[in-house]
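Got a few minutes and a viewer open? Here are some exercises to work through, each with a solution you can follow step by step.

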Amino acid sequence: MAWIERLPTAASFRTTPLTATFLALFGTQLSGRIIRFLYLLVIARFLSPDQVAVYLYGMAVYLALMVFASFGQGVFLATRLGRRAGRRGRLVGHSFTLRSIATSVALSAGVGFLLLHESDSLFGQALPFFLLALVARSFGDWCREWSTALEDAAWIPRTETLFRGFEAGIGLLLLISGAGVLAICALHGGMRAIEALYALSLMAQRKGHGLKPGLEPRLLRRIARISVTLAIGIGCLTLFAQSGLVVVKLLASEATAIAGFGLAMQFLTTLLILPTVLGVALVPAIGRARRRGQVGDIAAISILVKGALLTGALIAVPTQAYAAWGLELLLGPGYRVAGDVLADLTWIAGPYAVAILSCQILNALGQHRRAVVVTLSMLVAQISAMVIAYPLLGLSGASLAVILAVLVGCALGVHFLNDLDGRQGRAWWLAPLGATAVLVLVMYAAPVADAWLAPLLLAGFALWIWRSGLLNAKELAFLVARVSLAATDRRAATTQAGTKA
């Protein structure tokens, strides 16, 4: 597949390492997420809610098991791999060993779950294909994490678009020909396996190491000790996105409820592409700024937090107004419930993004235990609230549980970031969050149809952001400078070298 390497990428342009990594990962997530979400809509259109529930539940279970398979190696590599070039081969090799051990543990847990709970159900027939995807995706993601840590992620968008596109295209043909959910699950496992083999071979060619396991006991123990905290912090964040659907499935018997909640959560996580990718790209850059003592770059994190809250509110207004109508139009009346759940959950897109960003930034600054507190608090709050609220309020209770947990994570994350740089005080983030709350009240209480109210609210909110100065020109200029400075320096250096020659 050498022709994939010749496709143009974000790295073809003059950018800083941060910008190149962000654009590459954003292209990956944007293309992959859009393809996967549209593919999910196609699946929901062709299959019954019972089969869609099997597919979504299987995805949730194997992605939850990915928490154990990854063992925090993505963050470990992002924060450690760029320090000493001479040690990269050893670190990558020992990371590969730990990833292999952790993946085996996760696979064993998946097999045990299958035998104890789901062996006789349709899900039990589908789970082996998801376990294949678990193993394959673990090593495929490890290759991406390794490459991202070296800020060399240009190949990732091409691969993601290619394989997700193939999977969606073949899946569409299968569905048109009358295939059921088991064929779709088998296709997913097979495509993940092929992608993982390609990624492993590509990285071995590009870097010349990585497939040779590291076997030094002392280094393995040291990396394992560091990775435990990272695995808990990042793992709880991943579990948070999946555990809600698992709890709903265990508490609910209606396939419509499971499918509706699963679709809504898929849409919500799709909305979070930008902050999630930005956080991943920032980890190596913030770690570098920390080592070099660039306090200004770390202080500018508050700009990202405010931007995430304001952007989340701007996204929530049209989603509240049109999502339920759009999903019912695309998928039929049986999926109206997904739109209703999404209308509630969309309002936490901003706080959810802040919780994600704060955890990634805390990890980059070496505050791993605080990141664990944020993510573990979110997970415990969601599961506890859902167990109490779902039997009383149904899917509305499940939505309230997610909202409560996200607000807990957002507040804790900003609190810990303020401890690191408290020059702006403690309440600077409450204004954009309060503005979101005002929009919620207006959307739910105003006697005007949401479809007519949404454009007016969007215009008014945008005007308020501009007039209030929450994101002023100085802050935006700082971000632009961080993105373009290295490229400008390189051009200047190139011009100067040409003049001397």
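## Exercise 1: A helix that falls short

Compare the length of α9 with its end-to-end span, then find where the helix bends.

Solution. Start with the count: α9 has 35 residues, and a straight helix at 1.5 Å a residue would reach 51 Å. The end C-alpha atoms of α9 are only 44 Å apart, though, so the helix comes up short, given that the expected span is 1.5 Å times one less than the number of residues. Keep in mind that this is a predicted model. Next, look along the axis: α9 bends by about 40 degrees at Gln242.

## Exercise 2: A greasy spot on the surface

Find the residues that make the nonpolar surface patch, and say which elements give two or more of them.

Solution. The patch covers about 340 Å² and is made by Leu250, Leu251, Ile383 and Val387. Two or more residues come from each of α9 (217–251) and α16 (368–393). Now zoom in on Leu250, which sits in helix α9. Is Leu250 buried or exposed? Its relative accessible area is 62%, and the cut-off for exposed is over 50%, so Leu250 counts as exposed.

## Exercise 3: A straight helix for contrast

Run the span check on α3, then work out how many of its residues are buried.

Solution. Helix α3 (residues 49–70) has 22 residues. From first C-alpha to last, α3 reaches 31 Å, close to the 32 Å expected at 1.5 Å a residue. As for burial, 18 of the 22 residues of α3 are buried, so the helix is largely enclosed by the rest of the structure. Then step just past the end of α3: Phe71 takes a positive phi of about 50 degrees there.

## Exercise 4: Who sits around Thr319?

Place Thr319 in its helix, decide whether it is buried or exposed, and list what it touches.

Solution. Thr319 belongs to helix α13 (residues 301–331). Its relative accessibility is 10%; buried means under 20%, so Thr319 is buried. Leaving out residues up to four places away in sequence, Thr319 touches Phe267, Leu342 and Thr346.

## Exercise 5: Following the charges

How many salt bridges does the structure hold, and which parts do they tie together?

Solution. The total is nine salt bridges. Let's take three of them.

1. Glu145 and Arg99 meet through their side chains at 2.8 Å, N to O. Glu145 is in helix α6 (residues 122–149) and Arg99 in helix α5 (residues 88–118), so this pair ties together parts 46 residues apart in sequence. Glu145 is partly exposed at 22% relative accessible area, whereas Arg99 is buried at 0%.

2. Glu160 and Arg144 also form a salt bridge, with the closest N and O atoms 2.5 Å apart. Here Glu160 comes from helix α7 (residues 155–176) and Arg144 from helix α6, so parts 16 residues apart in sequence are tied together. Both are buried: Glu160 has a relative accessible area of 2%, and Arg144 has 14%.

3. Glu167 and Arg164 make a salt bridge at 3.4 Å, N to O. Both lie in helix α7, three residues apart, or about one turn of the helix. An α-helix has 3.6 residues a turn, so residues three or four places apart point the same way. Glu167 and Arg164 are both buried.

Last step: zoom out. Arg36, Arg144, Glu160, Arg164, Glu167, Arg192 and Glu195 are linked in a network of salt bridges.

Conventions: Residues numbered from 1 in each chain as written. Predicted model: local features only at pLDDT ≥ 70, side-chain atom pairs only at ≥ 80, totals over all residues. Heavy atoms only, no water. Patch = residues over 30% accessible without salt bridge, like charges linked within 9 Å, V, L, I, M, F, W, Y side chains within 5 Å. Areas by Shrake-Rupley, 256 points an atom, 1.4 Å probe, with all protein chains shown as cover. Salt bridge = Lys/Arg side-chain N within 4 Å of Asp/Glu carboxyl O. Helix = DSSP H or I, 4+ residues; strand = E, 2+ residues; numbered from the N terminus. Buried < 20%, exposed > 50% of the residue type's maximum accessible area, 1.4 Å probe, protein only. Bend = angle between axes of the 7 residues up to and from the residue. Contact = heavy atoms within 4.5 Å.
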